[in-house]
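Me: I'm new to reading protein models and would like a close look at one tyrosine and what surrounds it. Could you walk me through it in plain words?

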Amino acid sequence: MQAVTVRERAAGLAGLSVTEEPYPHAAENDVIVRVHAAGFTPGELDWPGTWSDRAGRDRTPSVPGHELSGVVAELGYGTTGLTVGQRVFGLTDWARNGSLAEYAAVEARNLAPLPVDVGHTVAAALPISGLTAWQGLFDHGRLAAGQSVLIHGAAGGVGSIAVQLAREAGARVIGTGRAGDRDTALGLGVDAFLDLQADPLEEAGQVDVVFDVIGGDILDRSAALVRAGGTLVTIASP
């Protein structure tokens, strides 16, 4: 099969090349997915798992990419819950060959059925940003219906999904971004929008949750906006 591979860490994006690679092996509880669309994050080339396995052994040439959407081509021994021919999307393991290939081996637990009304390209763009937004809002922020949330970068890859998830959960959503993001954020369902370059951040008032993707001064100033018992979550810094 054809795949995009990397061999030299120092080469960066210029080191990506299309090569012929062996068809992946389906281990126990694995699924082989025929990839229709895949997602790639440039930062992956700095991740240790791109270059070595969990035992620290070099695994190049390696296939990057961790988001994918496609069709189940094969089931590994003991795999249940999915069927050959089923449309799926999800995440590949950090320390195994990834999604930038015609076929990828994925643990079945890291895949979900893909609804018929969602295209493969859209689905492959969702997993990392969507899980980041979900975990930030609900696992860490404990956002609930009737609460208020301030989402920085509301029109961005993570923020745009966070806005929709927060609205679906019944929260009041205040979004921030640049002036050009206003219409996009309002279209996604924010109740109010603040232009970070023109509007005082304090206009947001007190909120139950701040979800930050920007960091720096915006993160520092946001702490004062969290009401007692509330939560500030950031993905921009440790």
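Why does Y23 count as partly exposed?

Reply: Happy to help! This is a predicted model, in which local features need pLDDT of at least 70 and side-chain atom pairs count only at pLDDT 80 or more, while totals for chains, interfaces and linings use all residues. Residues are numbered from 1 along each chain as its sequence is written, and side-chain values use heavy atoms, with hydrogens and water left out.

Y23 counts as partly exposed because its relative accessibility is 42%. Here buried means under 20% relative accessible area and exposed over 50%, with partly exposed in between (1.4 Å probe, protein chains only).

Now look at the ring of Y23. With Y103 it forms a tilted aromatic pair, 5.1 Å centre to centre and with 55° between the planes. Rings of Phe, Tyr and Trp (its six-membered ring) pair if their centres lie within 6.5 Å; planes under 30 degrees apart count as stacked, over 60 as edge-to-face and the rest as tilted. A search of the whole structure finds three aromatic pairs. This one links distant parts of the chain, 80 residues apart: Y23 is in the loop between β2 (17-20) and β3 (30-39), and Y103 is in strand β6. Helices (H or I, at least four residues) and strands (E, at least two) are DSSP runs, numbered from the N terminus. Y103 is also partly exposed, because its relative accessible area is 23%.

The loop of Y23 has another residue to visit. N29 also lies between β2 and β3, and it has a positive phi of about 70° although it is not a glycine. N29 is partly exposed, at 38% relative accessibility.

From Y103 we can step into the sheet. Five strands form an open sheet in the order β6-β3-β4-β5-β7, with antiparallel pairing; two strands pair if DSSP finds at least two bridges between them. Strands β6 (103-107) and β7 (111-113) stand at the edges with a single partner strand each, so one side of each has no neighbour in the sheet. From one strand to the next, the twist averages 45°. Angles like this run from 0 to 180 degrees between N-to-C directions, and axes are lines fitted to C-alpha atoms, for helices over the stretch in contact.

At the β7 edge, this strand pairs with β5 (residues 87-91) in the antiparallel sense over three bridges. G90 stands opposite L111 in β7. Helix α2 (residues 127-140) lies across β4 (67-75) and β5, and runs at about 65° to β5.

The loop between β3 and β4 holds P61. A cis peptide bond joins T60 and P61, with omega about 0°.

Finally, here is some wider context. UniProt, in an unreviewed entry, places the feature "domain: Enoyl reductase (ER)" at residues 11-238; its positions are given in the numbering used here, feature names are shortened, and annotations may be inferred rather than shown by experiment. Over residues 11-238 the chain is 20% helix and 29% strand, and the end C-alpha atoms are 27 Å apart.

Definitions and conventions
Contact = heavy atoms within 4.5 Å.
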